[in-house]
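Trainee: Could you walk me through a few local features of this protein before I go back to the bench?
Mentor: Gladly; let us open the structure and take the topics one by one.

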Amino acid sequence: MGKKRKRQLGLNAGNRQEQSTQQIHIQSEPNSQRSKRKTSGMDKLTQLAKVPTKINLVVVGTGGPGTSRSLLLTTEYTRYMFNCGEGSRRLISISRSLRQAAYAKVSGIENIFITYKNWENIGGLLGMAMTLENQKNTELRAYGSREKDCQAQTSSTPKITIYGPPDVEKIAMMAKKFAVSANLNIAKGEGKYEDLCVTITPVAFYNNLDHEQNPAKRQRINSECKINDVAYCYIVQAKPPQPKINVEKCVDAGVTIGPMVGLLQRGHPVTLDDGTVIRPEQVTDMPVMDNRPFLILDCPSTEFLPSLMRCCELQDYTKTDVDKRSFSVIVHMTPKHVYDSTIYQAWMESFHVSTDHLIMNSEAVGAELTRVREHQTLLNLVSSEIFPLLPAVEHADKMEVALQGKNSGEDDENEIVVMTPETELMLSQKKGQVAVAFSGLIYVSRGKLPGFHAEIDEFNYADLRERYLSKLDFKDQLDKLEAITSTESASDEDKETDDKDFSSKYPRVVFLGTGSSEPNKIRAQSCILVHLSKHSVIMLDCGEDSYGQLYRFYGSRKTNRILRKLKAIFISHMHGDHHLGLITLMKERKTACDVKNKTFSPLLLVAPVQMKRWIKFYHTEIDDDITTLFRFVKIQTWLNDFGELPELKTASFEEVLQELDLSEFTPVPVEHCNNAFGISFRQSSGFKLVYSGDTMPCEALVKAGEKCDLLIHEATHEDSLSSHAKVSKHSTFSQAIDIGKKMEAKHIILTHFSQRYSHMVPLYKVELPDNVGVAFDNMQVNPQTVKYLPKLIPALTELFFDELQKSASKTLKYDRNNEKLEMAAKDSL
């Protein structure tokens, strides 16, 4: 399809703004009155400027394998989010192309619209709130993004307003208890939302017709609906576009460039010196575009279909003429089994033939984190065994349909297309397109070439490798590393024994998340997978989007096999970055068993007893089946239970030892928040592994981990930020290493780094023993390969030299700002 054809298919009459009939005499107005009018009119000018000229629907979470469903509505001024599943904030920020082409970024999101109250739609709310709070707090943002266009907000204004089914905001309110910061500001929005850009109208439908047919019961929905009774879809109507001044028409009419031009553009007639009245329509052109509304829809199950089919608010848009009422696009977040049903498909066909459809469910393409793939490719240059390449994205072939709509050329932004009977006829005859979601897919609702477009970050594996291998210093480090490792490998072959196969392979430790607090573009939240044997796996902490990380590391088939082998999850403490991925992971584990008709055995959830409050809340408010997925093992055996759930199954530490084939399994109280624990366990083969969780230097952990084979210890801050580590009760690099020395650990791996160290941690001034390694996301080690980690550090430091320099610059700037603040505080005393 050519450029001209694309432009014509996006035309519509739109809604013209009402024009004032008041005449304004510019030249005869006294200067004082003109000044007063100019000042009082600034608010109107500001409001006029907020009417968007560009509106995009941006796919964030595709709903495909390993990805939640979430959509971003963006304009040049603000952003709105529809559903906020796990990993949404990271997916928004990770794409360079979407940020440049469609204003896709986290800053400016103040309103989130939820279609249905389930974890798939709301699992990322707390993380999003934490990110937005940190962007407003300059101290918390010291090393974060400094968006100059981040909108100012007063302390009394909610950071996030959540719209959706009754009590949907409770999940965020409850999750606030898991946040380190207590300043999260969350509110519940009701009814229609309207601002200077859009009007968003919620439409409720139900899992039975009783609510729909009885208006009185609709008024009592807050008290009568069960947790899964009601779902919302959203009709989004953009405000009419601004008229554009036509300079040629102004010249012909005798209007000079100046204040009167702004008045004419705002719809006011003006009077020239000779008394001639010039009306706006004489000198302006209304940009003609498809200003039809669009629909965001999620029908949770077939039980909701009868109510959806009879929804009068949506019936007005079916089987209509395109110039009356129809949708430009419908976004279907509806699950695949509902979407594929005969009833749903027939309902889709009832909409106008010109309506486009965007499908966001399990048939969509999995999320593509290009920056993560690039980073892993670079790490793979250092060690292909420790840093394996990530598998290809599944369903990628489905991208080709939408890619055909990609903008293949630049359009004239200033060109005004006038509505004619021919263009109206063309729009009415246009056939809508059905596109399956993938990362980088945009639907342009207002702007150049409306329709589906693809903005995909480019990634060329061969070019990236060649570019970095051509760096002489890095290549020199790789040569030195190869010489060392080849010598040691030959020595290991000489020592080969009969039991080498098991002892060298297990435990196999896979780092899925090595960051602290918020995830960044490279490091996800805490999650470590430990393969104890061929048939047994335990997970140490489970931060947000841990399932997505697992899926992107292993791919579909391997992920399901591992989930079926997963027997236990250890949660170190109740901060959200260590357990908010738990719900999704347990659900996916059940699905993996069902797919193969395997006997399902609830996993062992070893966690602080305070976890029961969260489970009880989730069980009551969202999904009462959650308690069937696990058996709870409370760490504090000495505490009495509280918040008991009759449906909750429990287990003992003896069962943990037996099912995981361990000889020891000892939780250790550590120095962090209340009820924070590390863990020390020993396999029947004798291998002893210690995981610190979050902690400052802790003597109890030293004692429990004495002479361990592997210590995985948090190292949140560099040594120069020891004061921060003390306040937040975390460890510095050197403190973590010292704990390993006291413990006489055979190997030490540092993890849980502050998000300022996204690529590599600065170890220039740290005295490194020859048994210390650094963890990265998507890194795997076993007893045979863990000894190589210290030898990788010189090559890794050279590989990410530029990033380390930037980090050092930020640290220096932060230290200087702190010094200025301290001096100012002393002067004020």
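**Helix packing, a pocket and two loops**

Mentor: Keeping in mind that this is a predicted model, start with helix H19 (residues 370-382) and helix H33 (residues 789-799), whose axes come within 10 Å and cross at roughly 140°.

Trainee: What does that angle make H19 relative to H33?
Mentor: It makes H19 oblique to H33, because only angles over 145 degrees count as roughly antiparallel. The crossing in which H19 passes H33 is right-handed.

Trainee: And which residues make the contact?
Mentor: From H19 there are Leu378, Leu379 and Val382, and from H33 there are Leu792, Ala795, Leu796 and Leu799. Sorted by class, this contact of H19 with H33 has seven nonpolar residues, with no polar and no charged ones.

Trainee: OK, what about H19 and helix H22, at what angle do they pack?
Mentor: H19 packs with helix H22 (residues 461-469) at an angle of about 50°, and their axes are 10 Å apart. That angle makes H19 oblique to H22, and the crossing is right-handed.

Trainee: Which side chains meet there, and what classes are they?
Mentor: On the H19 side you find Glu374, Thr377, Leu378, Asn380 and Leu381, which meet Tyr461, Leu464, Arg465, Tyr468 and Leu469 of H22. By class, the contact of H19 with H22 has six nonpolar, two polar and two charged residues. Leu378 is listed in the contact with H33, and Leu378 is listed in the contact with H22 as well.

Trainee: Switching topic: what is the volume of the second largest pocket?
Mentor: The volume of the second largest pocket is about 1500 Å³. It is lined by 50 residues, of which Arg69, Glu120, Lys587, Glu588 and Thr591 are the closest to its centre.

Trainee: Which helix gives the most to that lining?
Mentor: H27 does, with seven residues. The elements that give two or more residues to this lining include helix H6 (119-122), helix H25 (546-554) and helix H27 (582-595). By class, the lining has 13 nonpolar, 18 polar and 19 charged residues.

Trainee: Last thing, which residues does the cis peptide bond join?
Mentor: The cis peptide bond joins Tyr506 and Pro507, with omega at about 0°, and Pro507 sits in the loop between helix H24 (500-505) and strand E21 (508-513).

Trainee: And where is Asp661?
Mentor: Asp661 lies in the loop between helix H29 (653-660) and strand E28 (662-669), and although Asp661 is not a glycine, its phi is positive, at about 55°.

Note on methods: Residues are numbered from 1 along each chain as its sequence is written. This is a predicted model: local features need pLDDT of at least 70, side-chain atom pairs count only at pLDDT 80 or more; totals for chains, interfaces and linings use all residues. Side-chain values use heavy atoms; hydrogens and water are left out. Axes are lines fitted to C-alpha atoms, for helices over the stretch in contact, and angles run from 0 to 180 degrees between N-to-C directions. Helices (H or I, at least four residues) and strands (E, at least two) are DSSP runs, numbered from the N terminus. Angles under 35 degrees count as roughly parallel, over 145 as roughly antiparallel, 65 to 115 as roughly perpendicular and the rest as oblique. A crossing is left-handed if the near helix is turned anticlockwise from the far one by less than a right angle, and right-handed if clockwise. Contact means heavy atoms within 4.5 Å. Ala, Val, Leu, Ile, Met, Phe, Trp, Tyr, Cys and Pro count as nonpolar, Asp, Glu, Lys and Arg as charged, and the others, Gly among them, as polar. On a 1 Å grid over the protein atoms alone, a cavity is a set of points where a 1.4 Å probe fits but cannot get out, and a pocket is an open set with protein on both sides within 12 Å along at least five of seven lines; lining residues have an atom within 4 Å of a point. Grid points are joined across faces, edges and corners, and a volume is the space filled by probe spheres set on the points.
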